[in-house]
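Here is a short report for a reader new to this structure. Please look over the sequence and the 3D view before reading on.

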Amino acid sequence: MPEKLRENNNTPEYWDTLYAKEIATQFGRPDEQRWDYILGHIGRHDKVLDFGCGWAEALLYMIPKRPYAKFVGIDYSSVAIDKAKELLPNVEFYCKDSLDELVTMDIDVITIQHTLEHIEDRKSIMEQAWLMLKPKGKLIVVLPLYDDWHEHPEIWTLEDIREFVKEWESKFSSFVVYRPTTRWTKPDTLSEEAIIVMQKIGGKDAPNK
Ligand SMILES: C[S@@+](CC[C@H](N)C(=O)[O-])C[C@H]1O[C@@H](n2cnc3c(N)ncnc32)[C@H](O)[C@@H]1O
């Protein structure tokens, strides 16, 4: 289990305030290398869902590179979702804090980038993601490693990533890519992240976890 560092301040109001500032100052959290890697898992005609999409920075980069794919973005910050809709008026966006009302969607690839570590009830999001995926669909979870940035309520180590993968091994077969990344919170600092590529095992039944 990741070590808890501090109280979790993850609320829609927290992110609304932060995004209002970031949008006003054009501060972004870009990582083209990560997005290019993720694009390698997205087929030409796939349906892709980005959970915790913020103001759709990743989708803005990926959509022109997969013009025939269909993209959906979800975030519970209304400030972020309003901006995302303004930037990408033809994309489906939902302002929601979970996937439970959307589980009947058939999705090929779900991405959860730098978001799962903020959420207390990870198990529900993971189960909902499993339900939404087509058989053999992929869930790509990106987690910061050894990152004690004040936004993070907990710190993830390699061991935590291994435990996480093991916890879900009956529902997803997984592999992990570890990579250095320029940390947007401290632009001169190299940070690390884990990209966990999880392929759904099984059909459309509810997970029995
Ligand atoms: C650190 S930001 C990451 C944003 C983007 N995915 C990226 O990689 O830069 C975490 C995002 O998760 C969203 N978020 C956190 N908890 C959420 C929840 N329960 N439901 C929906 N969105 C959530 C926040 O609003 C925020 O946009």
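## A sheet, its helices and a ligand

Helix α4 (residues 78-87) lies across β3 (70-75) and β4, and runs at about 165° to β4. This is a predicted model.

The strands β3 and β4 belong to an open sheet of 7 strands. Its order is β4-β3-β2-β5-β6-β9-β8, and the pairing is mixed. The edges are β4 (92-95) and β8 (172-182), each of which pairs on one side only. Neighbouring strands of this sheet are turned by 15° against each other on average, direction ignored.

Strands in a sheet pair through backbone hydrogen bonds, in a parallel or an antiparallel way. Strand β5 has β2 and β6 as its neighbours in the order. The table sets out these two pairings.

| Pair | Sense | Bridges | Facing residues |
|---|---|---|---|
| β2 (residues 47-51) and β5 (residues 107-113) | parallel | 4 bridges | V48 opposite V109 |
| β5 and β6 (residues 133-145) | parallel | 6 bridges | I107 with L133 |

How is β5 placed in the structure? Of its 7 residues, 6 are buried, so β5 is largely enclosed by the rest of the structure. From β5 the chain crosses through helix α5 (residues 122-132) to β6. This β-α-β crossover is right-handed.

Now the ligand. It is surrounded by 16 residues. The closest are W15, R29, G52, Y76 and Q113. What classes of residue make up the shell around the ligand? The shell has 8 polar, 5 nonpolar and 3 charged residues.

How values were computed:
Residues numbered from 1 in each chain as written. Predicted model: local features only at pLDDT ≥ 70, side-chain atom pairs only at ≥ 80, totals over all residues. Near = placed C-beta within 6 Å. Nonpolar A, V, L, I, M, F, W, Y, C, P; charged D, E, K, R; others polar. Pairing = 2+ DSSP bridges. Helix = DSSP H or I, 4+ residues; strand = E, 2+ residues; numbered from the N terminus. Axes fitted to C-alpha atoms, helices over the stretch in contact; angles between N-to-C directions. Contact = placed C-beta atoms within 7 Å. Buried ≥ 20, exposed ≤ 12 C-beta atoms within 10 Å, placed from the backbone. Right-handed = clockwise from strand over helix to strand, strands pointing away.
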